[in-house]
Amino acid sequence: MKKSFRMIGLACVAMSVMPLVSCGGDDDGDVTPPNEIETETGMRLTRVGNYEFNYDSKGRCNGVDYLGSSYDDYGNLSINWDKGEISMTDGDDAMYENPLKFKTNGNGYITELSQSWDYKDEYGSYKGNGEAKFSYDKSGHLTKATFESKETGVDEGEKFSFYGKSV
């Protein structure tokens with residue numbers, strides 16, 4: 001459970017810059033990302049703290065590498081715009097086996113993130129799902145974000161049930 005929420009947080013960090021600098025693979029067909037930031041400044045976001053952002057030839061963020069210590073070894077994220085998936089490229093976290101799915105709108109903005117999991121580790125067993133939905137105004141500004149997550153399982157010998165929703 002703890003690892004899943006950490007990885008969803010890391011994925012949200014990656015996704016938070018993507019509506020600004022790159023988008024694609026939406027329900028209506030491939031969307032070429034708007035290059036407003038690059039046109040205006042001539043620069044592209046490449047690093048935030050210990051996170052390094054990578055881009056494909058279309059200008060879409062296609063990966064995030066964690067450059068931290070081995071104690072905080074989160075692994076690296078790979079973003080597949082054609083499949084609409086964000087996955088771990090290494091590590092033993094649940095996100096390695098259960099990619100984070102995403103959808104975009106006609107403008108290439110991310111409108112949904114979702115993930116489900118069912119796994120066991122040395123601490124217990126965990127089963128759940130989470131979803132985030134994003135709304136934008138006509139100018140492309142984020143106007144609403146809704147997050148919802150459910151999980152049940154056994155953690156260090158104790159049964160638990162979790163439900164959370166925030167707007």
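Trainee: How many residues lie between β7 and β8 in the hairpin they form?

Mentor: Two residues sit between β7 and β8 in that hairpin. Keep in mind that we're looking at a predicted model.

Trainee: What makes β7 and β8 count as paired strands?

Mentor: Two strands need at least two bridges between them to count as a pair. β7 and β8 have ten bridges, running antiparallel, so they pass that cut-off. One place to look is Gln115, which stands opposite Gly130 in β8. Another is Tyr119, whose bridge partner in β8 is Tyr126.

Trainee: And how do you know that strand β8 and strand β9 pair?

Mentor: Use the cut-off of at least two bridges again. Strand β8 (residues 124-136) and strand β9 (residues 142-155) share 13 bridges in the antiparallel sense, so they count as a pair. Gly128 has Glu151 as its partner in β9, and Gly124 faces Asp155 in β9. Their hairpin has five residues between the strands, and there Gly140 takes a positive phi near 90 degrees.

Trainee: What about strand β6 and β7, how many bridges join them?

Mentor: Four bridges join strand β6 (residues 100-104) to β7, and the two run antiparallel. That meets the requirement of at least two, so they pair as well. Lys101, for instance, has Ser114 in β7 as its bridge partner. The hairpin of β6 and β7 also has five residues between the strands, with Gly108 at a positive phi near 90 degrees.

Trainee: Which strands are the edge strands?

Mentor: First picture the whole sheet: ten strands form an open sheet in the order β1-β2-β3-β4-β5-β6-β7-β8-β9-β10, with antiparallel pairing. The edge strands are β1 (47-48) and β10 (158-166), each of which pairs on one side only.

Trainee: On to the rings. Why is the pair of Tyr51 and Tyr66 called tilted?

Mentor: There are six aromatic pairs by the ring rule. In this one the centres are 5.2 Å apart and the planes are at 50 degrees. Centres within 6.5 Å make a pair, and an angle that is neither under 30 degrees nor over 60 makes it tilted, so that's the name it gets. The pair links distant parts of the chain: Tyr51 belongs to strand β2 (residues 51-55) and Tyr66 to strand β3 (residues 61-66), 15 residues apart. Both Tyr51 and Tyr66 are buried.

Trainee: Why is the pair of Tyr119 and Tyr126 tilted?

Mentor: Its centres are 5.1 Å apart and its planes are at 35 degrees, so the pair is tilted. Tyr119 and Tyr126 also form one aromatic cluster with Phe160.

Trainee: Are Tyr119 and Tyr126 buried or exposed?

Mentor: Buried means under 20% relative accessible area. Tyr119 has 12%, so this residue is buried. Tyr126 has 2%, so the verdict is buried here too.

Trainee: What makes the charged end of Arg44 sit over the ring of Tyr55?

Mentor: The charged end of Arg44 is 4.4 Å from the centre of that ring. The distance cut-off is within 6 Å, and the charge must also lie within 35 degrees of the ring normal. The pair is listed as a charge over a ring.

Trainee: How do you know that the side chains of Glu151 and Trp117 make a polar contact?

Mentor: The contact between their side chains is 2.6 Å, and the distance limit is 3.5 Å, so it fits. Glu151 is in strand β9, and its relative accessibility of 1% counts as buried.

Trainee: What makes Leu113 buried?

Mentor: Leu113 has a relative accessible area of 4%, and the cut-off is under 20%. You'll find Leu113 in strand β7 (residues 110-121). The C-alpha atoms of Leu113 and Gly84 are separated by 9.4 Å, with their positions 29 residues apart along the chain counted as the separation.

Trainee: Last one: where is Glu156, and what is its phi?

Mentor: Glu156 is in the loop between β9 and β10. Most residues other than glycine have a negative phi. Glu156 is not a glycine, yet it has a positive phi of about 50 degrees. At 56% relative accessibility Glu156 is exposed, because exposed means over 50%.

Conventions:
Residues numbered from 1 in each chain as written. Predicted model: local features only at pLDDT ≥ 70, side-chain atom pairs only at ≥ 80, totals over all residues. Heavy atoms only, no water. Buried < 20%, exposed > 50% of the residue type's maximum accessible area, 1.4 Å probe, protein only. Polar contact = N/O pair within 3.5 Å; in protein donor to acceptor, adjacent residues only side chain to side chain.
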